[in-house]
Amino acid sequence: MRLLALIILVVQLLKPAYQQFPRQCVTREVLASKECCPIWEGDGSACGVRSGRGVCQDVVVSEEPNGPQFPFEGIDDRERWPLVFYNRTCRCLQNYMGYNCGECSFGYFGPNCGERRESIRRNVFQLSTTEKQKFIAYLNLAKNTVSQDYVITTGTYSEMNNGTNPLFRNVSVYDLFVWMHYYVSRHALLGGTSNIWTGVDFGHWAPAFLPWHRVFLLRWEHEIRKLTGDFSFTIPYWDWRDAQECEVCTDDLVGSQSRLDPNLISPSSVFSSWKVICSRAPEYSLRGVLCDGREEGPLLRNPGNHDRNLTDELPTSAEVDFTLSLSQYDTGPMDRTANMSFRNTLEGFGNPRTGLGNSPKLGMHAALHVFMNGSMSSVQGSANDPIFILHHAFVDSIYEQWLRRHQPERSHYPQANAPIGHNSEYYMAPFLPLYRNIDYFLSSKEMGYEYSYLRDPGQRFVDDVVSYLEEARVLWPWLLGAAVLGALCSAAMAVCLAKVSKSMWRRRSRRQGSEKQPLIISTDTEGSSSSYRTMRP
């Protein structure tokens with residue numbers, strides 16, 4: 001724990017400062033103009049246009065029809081994202097990215113974003129002790145550092161009186177992503193109390209589930225790198241195939257169970273002090289409001305003590321293999337009822353043994369959420385638990401396996417008639433900068449990252465050796481110290497034994513010298529004189 005605290009302190013001291021604020025886009029003036037094209041401080045121009053980084057231009061959204069699952073229009077701020085808030089934003093060029101084109105696209109690094117580099121996401125159990133501690137330290141730092149780049153909305157655009165009364169709030173770097181996951185999956189507010197539409201989700205239950213979460217992880221990874229200045233950081237994954245318990249629920253990772261209350265995290269873990277946000281979906285629905293980002297209580301988790309009517313166990317290797325064998329990305333209505341759909345089966349609504357949709361029991365991705373039996377079990381609040389990151393990284397790796405095995409054309413992704421928010425050209429809510437679903441329907445290698453277990457055997461061997469050497473490098477000073485200490489102890493013990501032996505010999509000699517006659521062995525009775533000798537002091 002002391003080392004963990006030291007890592008956090010060092011990271012805070014080394015943290016770079018970022019002076020571009022998207023808050024520039026939440027003022028009355030900007031909301032009234034509907035133009036979010038902030039200045040890039042590198043050259044003092046909007047979107048860095050003077051440096052060729054980007055341009056400010058109109059947002060063009062798809063006009064393709066949506067599926068029938070959401071029978072409304074013009075009532076939800078996420079519709080035709082981001083037009084309710086902005087109709088002009090930065091379009092970044094070349095290898096640049098960001099709301100003002102001040103950052104590098106995924107997979108590119110350097111001051112001018114000219115360095116192409118592939119990052120490797122590794123199994124969390126392959127990390128060295130130091131790497132695990134660094135990962136936990138980064139999570140905790142993100143949880144306790146206010147985002148300098150983003151704020152969250154606490155009210156609808158209508159409640160803001162069409163932007164004249166901005167309703168925004170500061171949020172930590174980690175909780176920003178908790179809020180985004182809540183916002184994309186929240187119920188539609190139809191006006192008034194208890195007047196909601198539950199059958200809508202802009203990031204789940206339909207084709208964009210995998211591309212949306214891929215961008216979510218990439219953005220999270222990107223923000224952690226910015227926060228810490230560690231641009232070699234990558235998200236680890238938990239390979240949960242055939243697991244019988246929550247293997248990552250240990251105090252050196254995401255926290256074990258508290259002995260006082262099995263629903264809480266052990267006090268030995270930093271996560272025991274975490275407070276959740278956006279975890280009370282029924283309450284928001286009853287009141288007809290959005291989550292406002294306020295703390296709502298401790299992180300909850302009681303793995304394995306879940307409702308067995310919802311799921312039996314964690315996914316197996318056989319179920320993953322069957323899911324990967326499905327050749328169609330999505331089928332039919334492209335929702336939870338889709339049959340023989342890779343997306344629906346991986347998400348957990350298709351049976352992982354038959355491929356039939358609308359399964360009475362949840363499998364694959366959804367099964368793990370249920371199994372955790374706590375904050376992870378609520379769709380809207382699940383990102384509060386750091387297990388979310390480890391879990392979805394592995395889900396993303398399965399998505400990556402499918403893409404490589406089946407190599408689908410872009411046209412394989414539905415262009416029209418998917419549930420709202422999920423057509424190919426739809427921009428993902430609530431991301432700014434903008435990302436389209438179709439642009440993340442391709443291999444992770446195109447975005448500059450890879451999974452260690454998907455590399456060829458030779459590369460995996462090198463990864464294992466590097467991991468071993470890193471662990472040895474960390475342990476070597478301790479082993480050397482232990483060896484030196486052991487040698488010193490052995491030498492001291494040898495000296496002590498020698499002194500004790502000499503002292504005992506002297507005492508025996510003194511006792512023998514005090515006899516009245518020497519002990520003589522008679523040659524007459526014992527034979528040769530060589531067998532006998534006189535014992536003298």
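This section describes two helix pairs, the largest nonpolar core and the surroundings of one strand residue in a predicted model.

Helix α9, spanning residues 364–372, packs against helix α10, residues 387–406, with axes that come within 10 Å and cross at roughly 165 degrees. Because angles over 145 degrees count as roughly antiparallel, α9 and α10 are assigned to that class. The crossing of α9 past α10 is right-handed. On the α9 side, the contact is formed by Met-364, His-365, Leu-368, His-369 and Met-372. The residues contributed by α10 are Ile-387, Phe-388, His-391, His-392, Val-395 and Ile-398. Classified by side chain, this contact of α9 with α10 contains seven nonpolar and four polar residues, and no charged ones.

The largest nonpolar core comprises 114 residues, of which Trp-220, Trp-238 and Phe-342 touch the most other members. Helix α10 supplies the largest share of this core, with eleven residues. When residues up to four places away in sequence are not counted, Trp-238 touches Leu-368 and Met-372, both of which also take part in the contact of α9 with α10. The other residues touched by Trp-238 are Phe-125, Ala-243, Glu-245, Cys-246, Glu-247, Val-248, Leu-314, Leu-390 and Phe-394.

A second helix pair has another geometry. The axes of helix α3 (residues 129–143) and helix α4 (residues 173–185) come within 5 Å, and their crossing angle is roughly 80 degrees. As this value falls in the range of 65 to 115 degrees, α3 is roughly perpendicular to α4. Leu-139, Ala-142 and Lys-143 of α3 meet Val-173, Tyr-174 and Asp-175 of α4. Four nonpolar and two charged residues make up this contact of α3 with α4, and polar residues are absent from it.

Phe-168 lies in strand β12, which covers residues 168–169. Its relative accessibility is 26%, so Phe-168 is classed as partly exposed. Apart from neighbours within four places in sequence, Phe-168 is in contact with Val-26 and Leu-31, with Val-151, Ile-152, Thr-153 and Thr-154, and with Met-160. Gly-155 is 13 residues from Phe-168 along the chain, and the C-alpha atoms of these two residues are separated by 7.6 Å.

Terms used:
Residues are numbered from 1 along each chain as its sequence is written. This is a predicted model: local features need pLDDT of at least 70, side-chain atom pairs count only at pLDDT 80 or more; totals for chains, interfaces and linings use all residues. Side-chain values use heavy atoms; hydrogens and water are left out. Axes are lines fitted to C-alpha atoms, for helices over the stretch in contact, and angles run from 0 to 180 degrees between N-to-C directions. Helices (H or I, at least four residues) and strands (E, at least two) are DSSP runs, numbered from the N terminus. Angles under 35 degrees count as roughly parallel, over 145 as roughly antiparallel, 65 to 115 as roughly perpendicular and the rest as oblique. A crossing is left-handed if the near helix is turned anticlockwise from the far one by less than a right angle, and right-handed if clockwise. Contact means heavy atoms within 4.5 Å. Ala, Val, Leu, Ile, Met, Phe, Trp, Tyr, Cys and Pro count as nonpolar, Asp, Glu, Lys and Arg as charged, and the others, Gly among them, as polar. A nonpolar core is a set of buried Ala, Val, Leu, Ile, Met, Phe, Trp, Tyr and Cys residues joined through side-chain atoms within 4.5 Å. Buried means under 20% relative accessible area, exposed over 50%, partly exposed in between (1.4 Å probe, protein chains only).
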